[in-house]
Amino acid sequence: MRKWFTRKNVLLCSLVLLVAVAGYLNVLISRDETASVPGTDVQVAAKPTAVPKASSGAKAAATATTTSAPAPTVKAGETYFSDARAEREEVRKQEIAWIDEMLAAKETSSQARREAEQMKLSLLKWMDIEQTCADVLRAKGFEDALVTMRDGSVNVVVKAKGVTDADAVRIMELCMRETGEKADNIKIMAAK
């Protein structure tokens, strides 16, 4: 007869229990109507609208986003955009410094060096795309805009009381064109 209380089985049961507890906590946390961003006065809707897959382009995705539920709104003070830009710039400087340190280190393997170079190129590309999108959004009439990008994720915050269907379409089309991301990966929020 085999022992049931082997190290492997105890570890497996512990992991299953841990996943169950994490799921329970996730349900409890997601019941909140708003969530705050630490270190800021920003309040974001806890249940943002997911953008369904758009078979007919950005207009369908944007319309589905704005008509199924109100777009998440960020409550921001006068300095939200400037503070967020300054913080993002500082983080990016630190990331580039770490990558440069890795590239400068003699003990860095050629594989790690190639990966670091690729990371730096991706970071610089994202920075350029973010700035381009924000500049174009301001040129299209938004008082201010902040765009952040990572692999598979684009977040757009525009200074407005709300995002209309027409605004969402314009923003979605711009972001899809400039970033190459699908509508599913683009989140649009308004900051008051």
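## A pocket between two helices

Let's start with the second largest pocket, which is lined by R85, A86, R88, E89, R92, K93, M127, E130 and Q131. Two elements each give two or more residues to this lining: α3 (80–104) and α4 (110–139). Helix α3 puts in the largest share, with 6 residues. Sorted by class, the lining holds 6 charged residues, 2 nonpolar ones and 1 polar one. As for volume, this pocket comes to about 190 Å³.

Keep in mind that you're looking at a predicted model.

## The chain as a whole

Zooming out, the protein chain has 5 helices and 6 strands. Follow the sequence and they turn up in the pattern α-β-β-α-β-α-α-β-β-α-β.

How much of the chain is buried? Of its 192 residues, 31% count as buried. The accessible surface adds up to about 12,600 Å², and carbon and sulfur atoms hold 58% of that. Among contacts with a separation of 6 or more, 60% are between residues 24 or more positions apart.

## A look at helix α5

Helix α5 covers residues 165–179. How far apart should its ends be? At 1.5 Å a residue, 15 residues should span 21 Å, and the end C-alpha atoms are indeed 21 Å apart, so the two agree.

Which of its residues are tucked away? The buried ones in α5 are D167, A168, V169, I171, M172, L174, C175 and T179. A handy bit of background: an α-helix has 3.6 residues a turn, so residues three or four places apart point the same way.

Right after α5 comes G180, with a positive phi near 80°.

Note on methods. Residues numbered from 1 in each chain as written. Predicted model: local features only at pLDDT ≥ 70, side-chain atom pairs only at ≥ 80, totals over all residues. Heavy atoms only, no water. Helix = DSSP H or I, 4+ residues; strand = E, 2+ residues; numbered from the N terminus. Expected span 1.5 Å × (residues − 1). Buried < 20%, exposed > 50% of the residue type's maximum accessible area, 1.4 Å probe, protein only. Contact = heavy atoms within 4.5 Å. Areas by Shrake-Rupley, 256 points an atom, 1.4 Å probe, with all protein chains shown as cover. 1 Å grid on protein atoms, 1.4 Å probe; cavity = no way out; pocket = protein on both sides within 12 Å on 5 of 7 lines; lining within 4 Å. Points joined across faces, edges and corners; volume = space filled by probe spheres on them. Nonpolar A, V, L, I, M, F, W, Y, C, P; charged D, E, K, R; others polar.
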